[in-house]
Amino acid sequence: MQYEYCSGAVLYTEVNNIINYVLVVEIDGHCGLPKGHIELGETEIQAALREIKEETGIASNILDGFLIKIECKMKNGNIKQTTYFCAKYENQTIKYNEHELLGVKLLPFDEALLSLSYQNVKDVLIKANQYFTCTKT
């Protein structure tokens, strides 16, 4: 069994004082968070920032204090471990990579949660939303 290592983020912005999350619609139709494989020599943070930029065109900032790792078994038998951070951006237009994605969604929490395809990614969003709620007060 081999491991694949990925990194990504719960990417958000505020619209009229409401947190909106960026979701990516992958070529296979599944909806998730921006993420991708860590390249040789990259840190998890560097990979997350690069993947966000490649997939959405957004230059973002990673926030301190949030990191979650999840694992899932791939169809090829490998185990994929993904590290998620929280990242924020302001005043930018999303320009998704049409070669990698079907589209990008910007949604408030309830709609984002319903749109995500996998429960383990929904759990990441729930924890991130709780983190934002705690840090805003």
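# Exercises on a predicted model

This predicted model contains 6 aromatic pairs. Let's begin with one of them and work outwards.

## Exercise 1: An aromatic pair and its cluster

Describe the geometry of the pair formed by F66 and Y131, and work out which parts of the chain the pair links.

**Solution.**

Step 1. Start with the two numbers needed: a pair of aromatic rings is described by the distance of the centres and the angle of the planes.

Step 2. For F66 and Y131, the centres lie 5.4 Å apart and the planes make an angle of 50°. Planes under 30 degrees apart would count as stacked and those over 60 as edge-to-face, so this pair is tilted.

Step 3. Now place the rings along the chain. F66 sits in the loop between β5 (61-62) and β6, while Y131 belongs to helix α3. With these positions 65 residues apart, the pair links distant parts of the chain.

Step 4. Check the surroundings: F66 and Y131 are both buried.

Step 5. Finally, widen the view. Ring pairs join F66 and Y131 with Y12, Y21, F109 and F132 in a cluster.

## Exercise 2: The largest nonpolar core

Find the residues that touch the most other members of the largest nonpolar core, and say which element gives the most residues to this core.

**Solution.**

Step 1. A general expectation helps here: in soluble globular proteins, nonpolar side chains tend to be buried together.

Step 2. The largest nonpolar core has 23 residues, and the members touching the most others are V10, Y21 and F132.

Step 3. Two or more residues come from each of β1 (3-15), β2 (18-26), β6 (68-73), β7 (79-88), α2 (109-115) and α3 (119-136). Helix α3 gives the most, namely 6 residues.

Step 4. Take a closer look at F132. Leaving out residues up to four places away in sequence, F132 touches V10, Y12, I19, Y21, L63 and C86.

Step 5. Another core, with 10 residues, lies apart from the largest one; A9, L11, I62 and Y89 are among its members.

## Exercise 3: Two buried polar residues

Decide whether Q81 and K35 are buried or exposed, and find a polar contact for each side chain.

**Solution.**

Step 1. Begin with Q81, a residue of strand β7. Q81 has a relative accessible area of 16%, and because the limit for buried is under 20%, Q81 is buried.

Step 2. The side chain of Q81 makes a polar contact of 3.2 Å with that of E71. Not counting residues up to four places away in sequence, Q81 touches E4, Y5, C6, K69, I70 and E71.

Step 3. Turn to K35, in strand β4 (residues 35-37). The relative accessibility of K35 is 17%, so K35 counts as buried too.

Step 4. The side chains of K35 and E26 are joined by a polar contact of 3.4 Å. These two side chains also meet in a salt bridge. E26, at 21% relative accessibility, is partly exposed.

Step 5. Beyond E26, the residues that K35 touches include S7, G8, E51, E55, K80, T82 and Y84, again setting aside residues up to four places away in sequence.

## Exercise 4: R50 and its charged partners

Trace the salt bridges of R50 with E42 and E54, and explain how E54 and R50 are placed in helix α1.

**Solution.**

Step 1. The structure holds 8 salt bridges. Side chains of opposite charge can pair when their charged atoms come close.

Step 2. Between R50 and E42, the closest N and O atoms are 2.6 Å apart. Between E54 and R50, the corresponding distance is 3.2 Å.

Step 3. E54 and R50 are 4 residues apart in helix α1 (residues 44-56), so about one helical turn separates them.

Step 4. Compare accessibility: R50 is buried at 16%, whereas E54 is partly exposed at 33%.

Step 5. Salt bridges with shared partners bring E39, E42, R50, E51 and E54 together in one network.

## Exercise 5: Helix α1 and its packing

Identify the buried residues of α1 and the elements that they pack against.

**Solution.**

Step 1. Helix α1 has 13 residues and spans 18 Å from its first C-alpha to its last, close to the expected 18 Å.

Step 2. The buried residues in α1 are A47, A48, R50, E51, I52, E55 and T56.

Step 3. The buried residues of α1 pack against β1, β2, β4, β5, β7 and β8 (101-108).

Step 4. Just after the helix, G57 adopts a positive phi of about 75°.

Note on methods. Residues are numbered from 1 along each chain as its sequence is written. This is a predicted model: local features need pLDDT of at least 70, side-chain atom pairs count only at pLDDT 80 or more; totals for chains, interfaces and linings use all residues. Side-chain values use heavy atoms; hydrogens and water are left out. A nonpolar core is a set of buried Ala, Val, Leu, Ile, Met, Phe, Trp, Tyr and Cys residues joined through side-chain atoms within 4.5 Å. Buried means under 20% relative accessible area, exposed over 50%, partly exposed in between (1.4 Å probe, protein chains only). Contact means heavy atoms within 4.5 Å. A polar contact is a pair of N or O atoms within 3.5 Å; within protein, one must be able to donate a hydrogen and the other to accept it, and residues adjacent in sequence count only if both atoms are side-chain atoms. A salt bridge is a side-chain nitrogen of Lys or Arg within 4 Å of a carboxyl oxygen of Asp or Glu. Rings of Phe, Tyr and Trp (its six-membered ring) pair if their centres lie within 6.5 Å; planes under 30 degrees apart count as stacked, over 60 as edge-to-face and the rest as tilted. The expected span of a helix is 1.5 Å times one less than its number of residues.
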